[in-house]
Amino acid sequence: MAAALTLDGISKRYGGFQAVSDLSFEVEKGTICGFLGPNGAGKTSTLRMILGLQPATSGRIEILGADDGRKVRDRIGFLPEERGLYKKMTPVDAIAFFGGLKGLPVAEGRKRAREMLEQMGLGDAQKKKMKELSKGMAQKVQLIASVVHRPEFVILDEPFSGLDPMNQQGLEAMIRALAADGATVLFSTHVMQHAERLCDKVVLLARGRKAFEGTVDQARATSPRFLELEGALDLAAVAALPGVSGVEVLNDHDGARILRAGLAQGAGGQEALKSAFLTGLDVRRFQIKEPTLHDAFIALTGDHPDDDQSVARDAAHDGLKAEAAR
Amino acid sequence: MNRTLLIARREYMAYAKTVGFWLSLLAFPLFGALGGAIPILMSHAEPTRSVALVDEAPTGSGLAAAVRQSLENEQAKGDINALRMAAIPEAGVAGGDRVRQIAETQGYEAGVAALKREAPRAGAGFTAPKPSLTLAAPPAEIVAAAPGEARDALARRYLSDEAPDGQKLSAVVFLTEIEGQPGARVWTARATDDAVENAVRDALKDVNRRQVFAASGIDPAVVAQTDRFRPELAVFSPKAASGGEVSFRDKLPTVVGLAVGFILWSLIITGASILLNSVMEEKSNKILEVLLSSASATEILTGKVLGVALLTLTVLVAWGGLGGIGLIAAAPDMAGDIGSVLMSNGLLIYFLLFMVGGYLMYAVLFAAIGAFCETPRDAQTLMGPIMMVLFVPLIVMQMAIRTPDATVVKVMSLIPPFTPFVMAARAPSGPPLIEIIGALIGMFLFAALMVWVAGRAFRAGALSDVKLNWKSFLGAVRGGS
């Protein structure tokens, strides 16, 4: 399948701070790619470089056949991490305006805006001012504004942040619909569950470096399965079970513990179950669990995806002042 | 639609669709009209004071009659002056002077007739100004009472609500002679109202003057004639349009230049400030990043500058239109003179160029500062010094009226940031063409530099969280570390 986006050895340096290091990956046309990593891992910097909002210190980017995102900006839809629209505009006007900037005739933009607002359940809000809308409603409007021109490539920076579970579900459906219509979607998030449900492919980023690129299943396969055991269990006895590589307490309440026992690579878990019964361990529940993307991330990077790597982020933003020379 | 035009249209409509914009647009001419009308309304609303003169001077001094005459003369002067002022907008200063002369020599009614001839529109609607005081006959019981406490007690009564029906007075003036010179004790109903006090003081001074002249053997008719004398003064200058005598028309360009300088200053600063606030709003609402993903920084900056320029132009056309209509209606000759001043020697073109250059250099600078700021407080670090510098041309412009070729005015008019204002004020006085052209070239080169500087700063500021100060701003411009 042809690549809609190719990053080849991309690095970004802000003064003395290395935000992104030697990053390479591809996103195939018509697929959904999750760009995953903790806050401050370099996701936003990378997305801005893809869009051409800031130059890469080194490396090559090709998007929709162009060597600079700015050359194909009309074919790209972008939802930034920090969202906002003109407070005194109505949703229809705002959507038509941003569609117009992407080359969509204003009248057509207004027509599509009304249709899409209806589809998103915002029909009643069409004539209200943006400042009168709830945060979730405003976020939906901004999302519509970023795709009203029917872009071939959609970049969404932390699209799920700030949305309640209901709206998150709606957004997932919308992303699937975009891909079904042939658009390529690249979205960044630090919440692995969304990526797990949506993505054809994920790229894991930690401390500015790529930790993994592949499908969700391939990512999961990098992490061993684990056992979840419940009962009056002794930590040392569980750790001594065959195939178990490590144990951690998930819950400990009134002597009823829930333990998570990691399995060594290649271990199935049945040996451990058999041994537990033979040694008379008080096991009330025993479950072999597949690793999640979250587990895979920890296994691959040693970091936790909910950690904040943005300590140096301010320095990165300070470094933006160096971007004037474009 | 082209991105730049789309951004310009949004920028324009964002303000033009608000009620506040139209209110503030109309506020300036409205307050201007009110500013002119309020003194007239106040003079009409001021009550006419009823004043009784009681003569306590030695019998035969004729002090009361002299003061009465002086007060009436003063009133007549006010009426004649009102005739002259009414004539000037329509008939010019010369016409006003003719009306005054006729009124002084032939009487008030002849003056009104002259006004109707010289300025038919003003004459048709003219009403004599309301007198500030009228002289009432002194109450008989006050005159009959013994001078001193008894009269004072009665004066108190006639100034209060206890006065007999229809005989309440605003002031009672006891005229006397103190050490041989005219003096008075003024009882007034309101302690804070000094209108009667001032009128009586002036009248007493006038009476004293006449008495002194009379004592020196000077004929009162000679004194009156001397008072009416107004010298015929003609001013000549080789730079006058006639080549000799200076007329009001010769002074008009300088006045127009100063007015245009001030208007340009306020329009440019208002426009640039609108742009600053607009960019700050987009920055604080996180809109700039979305805009930058849809249009280049140049397109955004150009669109915004263009949109606010159209807004400024709307203000200029509205103010100019209303001012022009008002001036044509009130003083068509002056309107014609101002029109011919603007159309002469390419002044209108110069003014337009100064406006374009001035707006461009300040608008882009303010927009670039706005790109770093989310609140006006953020912008203060840079805006404070810039605003202080911007007050310099306001001072220099006033110098340009009297001495347009003073070295300081010349130099300031050639410094690009001040050129749009100071050269606008100076241009009507006919500076050498080379200086105007040089100033225009310098201004547009500087404006181009500002566009380049601001473009770089805008791009950097739009995506930056860095705190704005001179160092960070210049760092963004340099694109260095």
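Reader: In this predicted model, which element gives the largest share of the lining of the second largest pocket?
Author: A pocket is an open set of points on a 1 Å grid over the protein atoms alone, where a 1.4 Å probe fits, with protein on both sides within 12 Å along at least five of seven lines; lining residues have an atom within 4 Å of a point. Helices are DSSP runs (H or I, at least four residues), numbered from the N terminus. The largest share of this lining is 13 residues, from helix 3 of chain B.

Reader: How much space lies in the second largest pocket?
Author: Volume here is the space filled by probe spheres set on grid points joined across faces, edges and corners. For the second largest pocket this comes to about 1000 Å³.

Reader: Which of the lining residues are closest to the centre of the second largest pocket?
Author: The lining has 28 residues. Elements that give two or more of them are helix 3 (63-106), helix 10 (248-284) and helix 13 (332-343) of chain B. Closest to the centre are B:Val93, B:Ala94, B:Asp97, B:Arg100 and B:Glu232.

Reader: How far apart are the C-alpha centres of domain 1 and domain 2 of chain B?
Author: By an automatic or database assignment, chain B is divided into domain 1 (3-29 + 246-478) and domain 2 (56-133 + 170-228). Each gives at least three residues to the lining of the second largest pocket. Their C-alpha centres are separated by 50 Å.

Reader: What numbering and cut-offs apply?
Author: Residues are numbered from 1 along each chain as its sequence is written, with chains lettered from A and ligands numbered from 1 in written order. Side-chain values use heavy atoms, without hydrogens and water, while totals for chains, interfaces and linings use all residues, side-chain atom pairs count only at pLDDT (the predictor's confidence in each residue, from 0 to 100) of 80 or more, and local features need a pLDDT of at least 70.
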